[in-house]
Amino acid sequence: MTFESLGLKKELLKAIEEKGYTTPSPIQEKAIPVILKGNDVLASAQTGTGKTAGFTLPILQIITDTKNPKFRPIRALILTPTRELAAQIYDNVRDYSKRVNIKSTVIFGGVKPKKQIAAIRNGVDVLVATPGRLLDLHDQKALSLKRVDILILDEADRMLDMGFVRDIKKIIALLPNQRQNLLFSATFSKEIKKLAQGILTNPSLVEAAPENTTAEMVTQKIYRVPKSRKAAMVIELISKGNWDQVLIFTRTKHGANRLAEKLQKKDISSAAIHGNKSQSARTKALKGFKENSIRVLVATDIAARGLDIPLLPHVINYELPNIPEDYVHRIGRTGRAGASGEAISLVSREELEYVKSIEKLLQQKLKIVELEGFDLTPTEQSQQNRSSTKKPKSSQSNKPKRNFGRKKKSNDTKENNPKSTKNRRNNNKRRFKKGPRKDNG
Ligand code: AMP
């Protein structure tokens with residue numbers, strides 16, 4: 001693949017040559033042709049993938065093709081979260097536009113606006129901006145966005161993280177309705193997907209992430225929940241969310257069987273798939289799952305590996321794997337860039353140590369959320385907090401857990417016997433009557 005074959009004009013090819021690039025990067029290969037066609041684009045790309053040239057080169061070609069040299073309104077607006085990134089993108093825009101008749105500038109906060117205003121008044125075709133300063137200058141009537149043909153949201157996830165969502169919405173309201181939109185993001189949270197849905201029209205999905213960063217393409221959530229309430233939580237999530245294709249991972253074969261049975265009892269069609277099942281049973285379960293006659297497939301890691309399952313909207317870790325790499329494989333089953341994909345982990349107190357190893361591997365903190373009706377009691381919360389500060393113990397440890405002086409039961413019995421949770425809560429109530437504990441106050 002060459003830059004020529006992507007359909008770029010010779011002036012841009014010359015600029016690329018001067019930069020010393022010989023072949024397009026994967027994101028450039030995929031994004032440039034679809035942007036040139038005028039499509040909206042939803043792109044999954046991190047810094048370092050060559051994404052800046054991926055959107056800058058085609059927009060320079062599009063706007064030079066339609067330019068009226070006597071009048072230079074802003075026709076491409078590149079929004080970016082930070083000053084540094086804005087400056088970096090502007091440098092790129094300048095380099096790539098050396099041989100075309102395109103003017104550009106950059107605006108960001110933290111510096112006096114006078115020069116920025118003067119540059120805009122002289123006429124610019126491409127404006128690189130951070131959202132706050134852009135709105136400031138618009139409020140001062142120093143610029144107009146009424147002629148913008150192309151909007152680029154770069155590092156959209158970081159913009160949302162930095163609280164720019166309202167600014168972005170305000171900016172979009174200032175743009176013409178008819179325009180091309182390009183959204184670049186390294187991660188695809190629910191918020192990003194929502195933003196993308198509101199902005200993009202029939203976007204082409206473009207992905208350029210190495211396989212081992214799959215984890216970052218998926219919305220990952222942790223629900224902290226006692227072991228004994230996990231089945232109820234799964235039932236609640238699936239029924240309330242109306243999920244129709246869910247892959248659930250358990251650590252053991254028995255666990256998989258038990259959960260599948262519980263779901264069946266609640267009229268959620270499901271099948272377990274693991275090493276003890278015959279090949280024909282596995283094939284049948286998989287076929288039913290793919291054809292949507294089975295809503296839930298409950299699987300162990302080994303059984304799931306090598307299964308030909310399409311990417312799914314929902315993957316649930318009923319128990320976390322004790323090998324962090326297995327977590328990455330598991331969640332790799334769910335949606336990637338653009339496709340809605342959610343990986344949910346139900347984490348009990350005993351599994352908090354696994355969260356740490358997974359976070360270390362992913363180099364990313366996992367988001368902890370709560371499900372209504374499943375709030376941890378203050379005692380459960382403090383238990384979880386205590387164990388999250390404990391030193392990690394060996395992965396499969398079966399050390400006896402504190403049971404408030406009650407007779408120890410096996411985990412299985414507890415899970416099948418909701419009474420034990422109730423008793424524990426009653427027990428907690430008795431403790432609270434004596435007055436709140438310091439760590440809850
Ligand atoms: P970016 O992901 O846009 O921040 O780009 C990362 C780095 O890759 C920048 O230093 C670019 O100049 C460089 N770059 C972009 N496209 C190419 C390419 N096709 N070949 C070699 N380097 C590139």
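Tutor: A nonpolar core is a set of buried Ala, Val, Leu, Ile, Met, Phe, Trp, Tyr and Cys residues joined through side-chain atoms within 4.5 Å. Buried means under 20% relative accessible area, with exposed over 50% and partly exposed in between (1.4 Å probe, protein chains only). The model here is predicted, so local features need pLDDT of at least 70 and side-chain atom pairs count only at pLDDT 80 or more, while totals for chains, interfaces and linings use all residues. Residues are numbered from 1 along each chain as its sequence is written, and side-chain values use heavy atoms, without hydrogens and water.

Student: Which residues touch the most other members of the largest nonpolar core?

Tutor: Leu-57, Ile-78 and Leu-182 do, in a core of 41 residues. Helix α3 (residues 51-65) gives the largest share, 7 residues. Another core lies apart from this one; it has 34 residues, including Ile-120 and Val-148.

Student: What makes a residue a contact of Leu-57?

Tutor: Contact means heavy atoms within 4.5 Å. Setting aside neighbours within four places in sequence, Leu-57 has Phe-3, Leu-8, Leu-12, Ile-16, Ile-32 and Tyr-96 as contacts.

Student: Why is Arg-133 called buried?

Tutor: Its relative accessibility is 10%, so Arg-133 falls under the 20% limit and counts as buried. Arg-133 sits in helix α6, where Pro-131, Leu-134, Leu-135 and Leu-137 are buried too. Among the elements covering the buried residues of α6 are β2 (76-79), α5 (114-121) and α8 (165-173).

Student: What makes the link between Arg-133 and Val-111 a polar contact?

Tutor: A polar contact is a pair of N or O atoms within 3.5 Å; within protein, one must be able to donate a hydrogen and the other to accept it, and residues adjacent in sequence count only if both atoms are side-chain atoms. Here the Val-111 backbone oxygen is 2.8 Å from a polar atom of the Arg-133 side chain, so the distance fits the 3.5 Å limit. Arg-133 also touches Gly-109, Lys-112 and Gln-116, among others.

Student: How do you know that Glu-155 is buried?

Tutor: Glu-155 has a relative accessible area of 8%, so it is buried by the 20% rule. Glu-155 lies in the loop between β5 (150-153) and α7, and its side chain makes a polar contact of 2.6 Å with that of Arg-158.

Student: Why are β5 and β6 said to pair?

Tutor: Two strands pair if DSSP finds at least two bridges between them. β5 and β6 (residues 180-185) are joined by 4 bridges, so they pair, and they run parallel. One bridge links Leu-153 to Leu-183 in β6.

Student: What makes β3 and β7 edge strands?

Tutor: The 7 strands form an open, parallel sheet in the order β3-β4-β2-β5-β6-β1-β7. β3 and β7 (204-207) each have a single partner strand, so one side of each has no neighbour in the sheet. From one strand to the next, the twist averages 15 degrees.

Student: What counts as a helix or a strand here?

Tutor: Both are DSSP runs numbered from the N terminus: helices are H or I, at least four residues, and strands are E, at least two. In residues 1-29, helix makes up 48% and strand 0%. The end C-alpha atoms of that span are 8 Å apart.

Student: Why might residues 1-29 be called the Q motif?

Tutor: That label comes from an unreviewed UniProt entry, which gives "short sequence motif: Q motif" for residues 1-29. UniProt positions are in the numbering used here, feature names are shortened, and annotations may be inferred rather than shown by experiment.

Note on methods
Axes fitted to C-alpha atoms, helices over the stretch in contact; angles between N-to-C directions.
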